[in-house]
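Welcome to a short tour of a protein chain. Please have the viewer open, and turn the view as each pair of elements comes up.

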Amino acid sequence: FWRFGGGDVVCGEAGGGARGVMPALHDHVGPSLALVEAECTAALAELARTSAEEFMRSCGLGEKLAALQTAEAQPQVPMATMIGLEPLALAASMRSFYSTLFQRGDALVASVELLSSAALGRQAVLATARTLAATHQHITSLVLRPGAGYEQPGAILLHTPEEVQTLLDVQ
């Protein structure tokens, strides 16, 4: 069988005894392996991105993200006065975000069990969790920003970024 280890292609027997290193084969296969690894990494990143977007849409924050970008670009306008970011509207979406987090647990990636290995599934779930935690952190910073206009930010942000990170297991 062929075993890939330490960057070399090793020809070995099922019992583990190596017959020799074949650097010429590695020189031929190495670039292809690097390309496959890069494509796998890109595919996992895309899966995590689309899973996070689906999560945000499912809890009503998908539409709010564009408004949040606009608010970030216009710091002179109180966020609380922008359409879709009014205190009650944002609070409802954030409550839905937290509720969805608690309901889904670590089931953040749809059909993750269809991936070719459990390790890839764990990587996809972890990348999605990190994206969600970073998004929550960013929303928190915008709501707490001076001049945002939210008189009671605690009514919108029911959990701290640290609590969300703990829940998502991404500390």
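To compare two helices, axes are taken as lines fitted to C-alpha atoms over the stretch in contact, and the angle between the N-to-C directions runs from 0 to 180 degrees. With that in hand, note that what you see is a predicted model.

**The chain as a whole**

The chain holds five helices and three strands. Following the sequence, the order is β-β-β-α-α-α-α-α, so to read it out, strands β-β-β are followed by the helices α-α-α-α-α. Of the 171 residues in the chain, 32% are buried. The accessible surface amounts to about 10,000 Å², and carbon and sulfur atoms account for 60% of that. Looking at contacts between residues at least 6 apart in sequence, 61% of them link residues at least 24 apart.

**Two helix pairs**

Two packed helices are described by the angle between their axes and the distance between the axes. Take α2 (residues 62-73) and α4 (residues 118-143) to begin with: their axes come within 11 Å and cross at roughly 45°. This angle makes α2 oblique to α4. The crossing in which α2 passes α4 is left-handed. On the α2 side, the contact is made by Leu65, Leu68 and Glu72, while α4 brings in Thr135, His138, Ile139 and Leu142. By type, the residues of this contact between α2 and α4 are four nonpolar, two polar and one charged.

Now turn to α3 and α5 (residues 161-168), which pack at an angle of about 25° with their axes 10 Å apart. Are α3 and α5 roughly parallel or oblique to each other? Angles under 35 degrees count as roughly parallel, and α3 and α5 are therefore roughly parallel to each other. The crossing of α3 past α5 is left-handed. Here Tyr98, Leu101 and Phe102 of α3 meet Val164, Leu167 and Leu168 of α5. The contact of α3 with α5 divides into six nonpolar residues, no polar and no charged ones.

**Residues along the helices**

Some single residues are worth selecting in the viewer. For their burial labels, buried means under 20% relative accessible area, exposed means over 50%, and partly exposed lies in between.

| Residue | Place | Relative accessible area |
|---|---|---|
| Ala45 | helix α1 | 47%, partly exposed |
| Thr100 | helix α3 | 10%, buried |
| Thr128 | helix α4 | 0%, buried |
| Gln137 | helix α4 | 34%, partly exposed |

Thr128 counts as buried because its relative accessibility is 0%. What does Thr128 touch, leaving aside its neighbours within four places in sequence? Its contacts are Leu47, Ala48, Ser51, Ala52, Leu108 and Val109. Ala45, which lies in α1 (residues 23-58), is 83 residues from Thr128 in sequence, yet their C-alpha atoms are 8.5 Å apart in space. Ala45 itself is partly exposed because its relative accessible area is 47%.

Thr100 sits in α3 (residues 87-104) and, at 10% relative accessibility, is buried. Neighbours within four places in sequence set aside, Thr100 is in contact with Phe55, Ser58 and Cys59.

Gln137 belongs to α4 and is partly exposed, with a relative accessible area of 34%. How many residues separate Gln137 and Val164 along the chain? They are 27 residues apart, and their C-alpha atoms are separated by 8.8 Å. Val164 also takes part in the contact of α5 with α3.

**Two residues with positive phi**

Most residues other than glycine have a negative phi. Which way does phi point for Ser111, positive or negative? Ser111 has a positive phi of about 55°, although it is not a glycine. Ser111 is placed in the loop between α3 and α4, and it counts as partly exposed because its relative accessibility is 41%.

Asp169 is another non-glycine residue with a positive phi, here about 60°. The place of Asp169 is the segment after α5. With 57% relative accessibility, Asp169 counts as exposed.

Note on methods
Residues are numbered from 1 along each chain as its sequence is written. This is a predicted model: local features need pLDDT of at least 70, side-chain atom pairs count only at pLDDT 80 or more; totals for chains, interfaces and linings use all residues. Side-chain values use heavy atoms; hydrogens and water are left out. Helices (H or I, at least four residues) and strands (E, at least two) are DSSP runs, numbered from the N terminus. Angles under 35 degrees count as roughly parallel, over 145 as roughly antiparallel, 65 to 115 as roughly perpendicular and the rest as oblique. A crossing is left-handed if the near helix is turned anticlockwise from the far one by less than a right angle, and right-handed if clockwise. Contact means heavy atoms within 4.5 Å. Ala, Val, Leu, Ile, Met, Phe, Trp, Tyr, Cys and Pro count as nonpolar, Asp, Glu, Lys and Arg as charged, and the others, Gly among them, as polar. Buried means under 20% relative accessible area, exposed over 50%, partly exposed in between (1.4 Å probe, protein chains only). Accessible areas come from the Shrake-Rupley method with a 1.4 Å probe; for residues, only the protein chains shown count as cover.
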